[in-house]
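Student: I am new to this structure and would like to learn how to read it. Could you show me, and start with the terms?

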Amino acid sequence: MHRFAISLTLLLIICLLCSGSAIGQERHYELSGTVTSQSGETLPGAYILINPGNRTISADDRGRFSVSLPAGEYTLQYQYLGMEQGVQQVDLRRNMNLRLQMKVKATGLRQVEIIARPSTDVNSTNMGSTYMDVKLLTKMPALLGEVDVIRSVSSLPGVVNAGEGTGGFYVRGGSADQNLVLLDDVPVFNSAHLFGFFSVYNPDILKSYTLHRSGISAKYGGRISSILDVKLEEGNTERMRFKAGISPVSAKFSMEGPVTQKLSIVIAGRAAYPTYLLKMFNSDNIKNSSADFYDVNVKAKYRVNENNSLTLSTYYSADNFKFPYDTTYNWTNALGSLKWDHQFNSNLSSTVTLAKSVYDNNVEGIAIGEEFNLNSGIDFEQAKVDFWYTGVNNNTMEFGGGVSNYTIEPGKLEPYGTSSLNPRILQRDNGVEYHAYVNDEIRLSPKLSVSLGVRYSNFSKIGPTDVYLYENGRPRSETSITDTLVYEDGKKVQTYQGFEPRAAIKYSLNEHSSIKASYSRSRQYIQLVSNTAAITPVDVWKLSNRYLRPQVADQWSVGYFRVEQDNSYEFSWEVYYKLLHNQLDYKDGAVLVLNPALEADLLHGDGVAYGSEWMVKKNKGRLNGWLSLTYSRALRKIAGDTPQETINNGDWYPADYDRPLNLNLFANYQLWPKWTFSSNFTYTSGRPMASSDSWYRYYGHIFANYTGRNQARMPDYHRLDVALNYDFNQGKKVEYTGSISVYNLYSRRNAYSAFFRHYYGSPVQGYKLAVIGVPIPSVNLNVKF
Amino acid sequence: MLKRIFPLLLLLTFGCIDPLNMGKMKQQKHLAVEGSFTNMPELNYVRLSYAQPYDYPYNEFITDAEVYVTSSEGERYNFVYGGDGGDFYANTAGSYFPEFPLDAAAQIGHTYTLHVVANGRTYQSTPATVKAPIPIDSVHFEVDEQVFSFKGYQERKKWPGYRVLVNYQDPEHEKNFLRWTFASQYEVSTQPEEYISPSSGLPAPKSCCSRCFLSEKLDRFRVVNDRLVNGKKVINQEVLFLPFERYLGVKHKLKVYQHSLTEEAYNFFRIMEQQKEAKGTVFDPPPAEVKGNMFNPNDAAEQVIGFFDASAVATREVVILRKDIDYPVAPFRWPDDCREIPGASKEIPADWLK
């Protein structure tokens with residue numbers, strides 16, 4: 001691996017030199033700038049077409065672009081979703097720094113509107129990444145009155161939802177914890193509110209999200225399946241704007257705008273209050289239960305001067321659920337990031353980021369004889385610096401590094417009152433991770449570009465901790481512990497490190513289409529220990545240690561991408577193959593809570609995932625939307641030393657996330673100027689489940705005899721959602737928008753899970769459980785002023 | 001605990017449960033073994049049946065097997081078939097009992113193996129060593145409401161009743177695993193004089209009988225370990241729920257057996273309990289094969305279901321009288337001859353009046 005990394009670095013240097021010299025003697029100048037709206041908000045992903053040369057570039061995360069061009073006169077056409085197209089002439093005789101401002105488009109039926117920027121950029125080496133702007137997101141049908149990032153991610157190729165009532169999603173055969181979910185650069189450890197019906201992302205202040213699935217830049221790391229990078233609004237510089245919205249179970253309010261010329265803020269809050277609905281039920285248990293959450297975002301951006309800005313983004317949420325008489329659950333998320341953006345010159349810029357994410361979970365039992373408080377959580381801190389350098393002709397370089405600190409509280413049980421429980425505190429799980437990376441996208445010729453990068457990560461598990469040693473040749477269990485190694489505070493217990501090479505290549509077939517290929521290796525040092533199919537609030541995160549080796553994924557992908565010249569249609573076809581190492585599975589009946597010898601209940605093996613993803617997208621016209629189709633497989637192999645540590649005799653078996661066929665159709669139709677109709681259809685093969693070959697009576701109860709793991713499949717999942725959106729008073733000072741939507745229109749009872757039961761009076765039978773079995777209508781009203 | 005949230009979530013979101021098309025799941029038969037060998041002879045039995053394909057809805061018990069238990073210490077106890085036992089719900093069909101019941105008692109510290117020869121195939125258990133029992137300090141009760149389904153009734157509903165709680169002292173220097181079983185004897189009082197003939201729909205009072213006695217063996221899979229309570233005095237450990245309906249109408253004698261299990265038995269029963277309770281919720285682990293301790297020594301690939309549990313037992317008996325229950329309980333309604341209740345008899349059990 002070291003040798004590979006060294007050759008990659010050499011290749012990178014050679015390419016740099018080649019690309020620099022290939023340009024010859026012609027005089028080149030740097031054309032750079034920022035794309036913003038009239039109100040001063042940056043527009044990441046804005047498209048700029050440069051002619052002559054028909055070259056397309058897109059603005060980066062901070063709305064900035066930079067390109068080196070031979071001296072001459074150019075026409076710049078720039079476009080962005082919902083904005084009027086801008087045109088600017090440039091006479092390039094020196095390095096130039098532009099500010100391209102775009103006006104909000106007054107929507108009219110006759111105009112041919114670009115409703116979305118192309119998801120694929122045929123001219124860059126980027127592949128397997130999808131960008132979604134909030135304007136498009138808000139057109140998707142809502143559930144319980146709110147559009148949601150996590151739900152919309154599930155409509156992209158290669159992504160499937162973990163199931164209704166959960167907050168997770170699976171990308172290309174990976175588990176839910178293999179996705180790095182970010183909120184303004186801070187990792188979120190539980191993105192669900194109220195069992196996943198809401199997520200941590202408040203749509204009112206959302207700017208955009210990008211999901212990276214393959215060909216991921218060396219800039220990103222830490223998880224092996226995908227990166228979901230979600231950005232919030234920064235606050236406009238024109239005037240204070242307010243938004244409010246209400247639905248039967250939730251209400252929200254937000255404001256954003258300038259405080260002074262240099263300072264803009266965003267403040268938003270949401271609350272959901274289904275408890276009053278619970279009171280209407282007859283059952284005492286439901287009547288005495290409660291469920292609610294609230295969350296608050298506060299964001300401030302201070303523009304120190306032309307070259308420096310500071311951004312503080314914070315988020316706090318609290319969820320609580322009470323089941324009458326015996327147990328209450330509370331969990332909170334507190335996130336924050338402080339970023340300093342600095343522009344050294346038109347070629348070099350940097351961002352320094354400090355981030356913190358704290359997730360706390362509390363379960364309180366109040367039953368007599370069993371009173372307790374069980375606390376668990378995770379505290380993540382990170383400091384990093386990222387640089388962008390465009391000073392070498394035809395090269396876009398990114399490099400940087402950082403350090404992350406993890407402190408996990410796996411479980412602290414504190415009994416009180418008459419409780420016969422013993423207090424128990426599991427040792428904290430501490431770890432520190434360093435990373436450094438360099439990535440260079442090189443335009444070797446108008447047709448050929450390569451992106452080469454390497455990331456290095458180094459993780460150490462830190463004491464204090466006790467490490468159990470197990471007897472050789474026996475399955476690990478609490479009873480096969482032979483010795484304990486005691487590590488003191490701050491002492492390194494175990495170190496893992498490695499290079500993560502990344503490479504991508506693009507070859508343009510013509511101006512509208514290209515072929516791309518990529519390879520990436522990624523490493524993950526933290527995982528969620530959960531024996532359920534989804535992320536639940538009580539699941540515990542666990543760092544790599546002596547027994548839990550880091551998860552590593554190698555992914556190869558190749559694709560064909562085409563975008564019509566006027567961006568009206570685009571098509572992509574991507575094929576991938578992934579090898580996954582050190583994957584986790586669980587012994588039957590594993591104990592995951594308050595278990596100091598947790599490793600004894602875990603099993604390790606390898607995984608493989610492969611698939612083909614197609615997507616057709618129509619970006620213009622009254623009817624627009626996309627159709628995506630995926631065929632994929634995800635398999636696991638757990639072959640331990642003993643039968644107890646082996647699954648399905650050590651053969652390959654379908655992983656929990658193996659959903660071979662996945663089809664999504666999203667269509668948006670402008671009926672009249674103020675009315676749009678949208679629909680979303682999704683179809684996915686059923687989740688694997690244990691098959692049962694017989695039933696039997698045991699101690700008077702009926703049981704299903706399961707054979708092996710994941711040898712059968714649940715019924716297929718499909719669902720249609722529709723929405724009718726109406727814009728009142730368009731273009732006026734006070735804008736109202738409303739929507740009526742129906743989730744699960746044709747009342748499909750999709751199986752969340754399957755189980756076998758015997759109900760008296762009927763034969764033993766398999767049953768499926770559907771979380772949502774009827775159409776769910778919702779109405780919401782939003783006001784903006 | 002978490003599992004109980006889920007029904008609420010379903011109600012909130014209009015969830016539902018439907019039969020599943022079994023499709024093309026491969027079906028086959030397996031031997032299922034239920035076996036218990038303890039220091040209490042009345043608890044010792046082995047029950048043999050076949051696991052059946054889903055398209056065959058009847059139980060099939062094995063009545064002609066050779067069954068015996070051996071120990072590393074040289075003991076051998078033969079088991080003989082106990083007959084069909086009449087009533088379907090009496091849990092005796094397919095059961096084998098020790099040939100000389102009074103002699104067949106497990107010794108603490110001895111290691112036992114079950115042998116079965118059925119349909120020409122030989123099966124045996126892995127050896128299990130009997131651990132010392134932990135005495136029950138007290139048995140007491142608390143009024144509660146819980147979902148309960150009476151045998152033979154389709155409906156599962158919430159009934160008021162007694163939570164049966166035990167206190168015991170957990171021994172300090174070892175790992176302990178416990179399970180409880182129960183022998184229950186109770187008196188019912190019915191209303192034969194209010195009988196209505198189902199054919200004519202007219203009152204047809206019967207002259208007998210209103211006073212009957214029932215005996216039931218109550219098995220629960222619920223197990224606990226002392227991971228969180230090691231060395232402590234454990235109070236209010238819930239072991240059973242008895243509805244007032246039918247069970248506590250007049251008088252009830254309850255014998256609680258506290259089994260000291262091996263770790264393997266604990267794991268087996270724990271997973272059985274998980275599967276019995278699993279309703280496919282977000283909080284349930286996915287169902288999986290339950291590995292027992294029975295196998296075919298001549299064919300390692302043959303799947304044999306079940307567990308031979310060799311354990312020592314401590315007991316405690318309590319009597320509950322209806323008049324002592326401080327809760328308004330409606331009388332048990334059964335407008336018929338009480339002998340019509342499955343398993344009921346007019347015979348007053350020995351020692352009933354003690």
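Tutor: Gladly! Let us begin with pLDDT, the predictor's confidence in each residue, from 0 to 100. Two residues are in contact if their C-beta atoms, placed from the backbone, lie within 7 Å. This is a predicted model, in which local features need pLDDT of at least 70 and side-chain atom pairs count only at pLDDT 80 or more, while totals for chains, interfaces and linings use all residues. Residues are numbered from 1 along each chain as its sequence is written, and chains are lettered from A and ligands numbered from 1 in the order in which they are written.

Student: Over which residues of chain B does pLDDT stay under 50?

Tutor: One stretch is residues 1-8 of chain B, with 15 contacts beyond four places in sequence in the model. Another is residues 10-14 of chain B, where the model has eleven such contacts. Chain B as a whole has a mean pLDDT of 84, and 87% of its residues reach 70 or more. For the complete model, the scores are ipTM 0.86 and pTM 0.80.

Student: Which elements of chain B have the lowest and the highest mean pLDDT?

Tutor: Helices (H or I, at least four residues) and strands (E, at least two) are DSSP runs, numbered from the N terminus. In chain B, helix α1 (residues 5-13) has the lowest mean, 47, and strand β8 (residues 111-118) the highest, 95.

Student: How is chain A divided?

Tutor: Domain bounds come from an automatic or database domain assignment. Chain A has domain 1 (2-102) and domain 2 (129-784), and the C-alpha centres of these two domains lie 32 Å apart. Chain A contains five helices and 48 strands.

Student: How do strands join into a sheet?

Tutor: Two strands pair if DSSP finds at least two bridges between them. In chain A, four strands make an open antiparallel sheet in the order β3-β2-β5-β6. Its edge strands, each pairing on one side only, are β3 (55-58) and β6 (86-92) of chain A. Inside this order, strand β2 (residues 47-51) of chain A is joined to strand β5 (residues 72-79) of chain A by five bridges, and A:Ile50 stands opposite A:Leu76.

Student: What is the order of the open sheet with mixed pairing?

Tutor: That sheet has five strands of chain A, ordered β8-β15-β16-β11-β12. At its edges are β8 (129-133) and β12 (186-187) of chain A. Five bridges link β8(A) to strand β15 (residues 206-212) of chain A, antiparallel, with A:Asp133 opposite A:Ser208.

Student: Why would nonpolar residues gather in a core?

Tutor: In soluble globular proteins, nonpolar side chains tend to be buried together. A residue is buried if 20 or more other C-beta atoms lie within 10 Å of its own, exposed if 12 or fewer, and partly exposed in between; C-beta atoms are placed from the backbone. A nonpolar core is a set of buried Ala, Val, Leu, Ile, Met, Phe, Trp, Tyr and Cys residues joined through C-beta atoms within 7 Å. The largest one here has 82 residues, and B:Leu31, B:Ala32, B:Val33 and B:Val46 have the most contacts inside it. Strand β18 (residues 305-321) of chain B gives the largest share, seven residues.

Student: Which residues does B:Ala32 touch?

Tutor: Leaving out residues up to four places away in sequence, its contacts include A:Tyr696, A:Tyr698, B:Tyr50 and B:Ile305. As for B:Val46, its bridge partner in β7(B) is B:Tyr96, and B:Tyr81 also stands opposite B:Tyr96.
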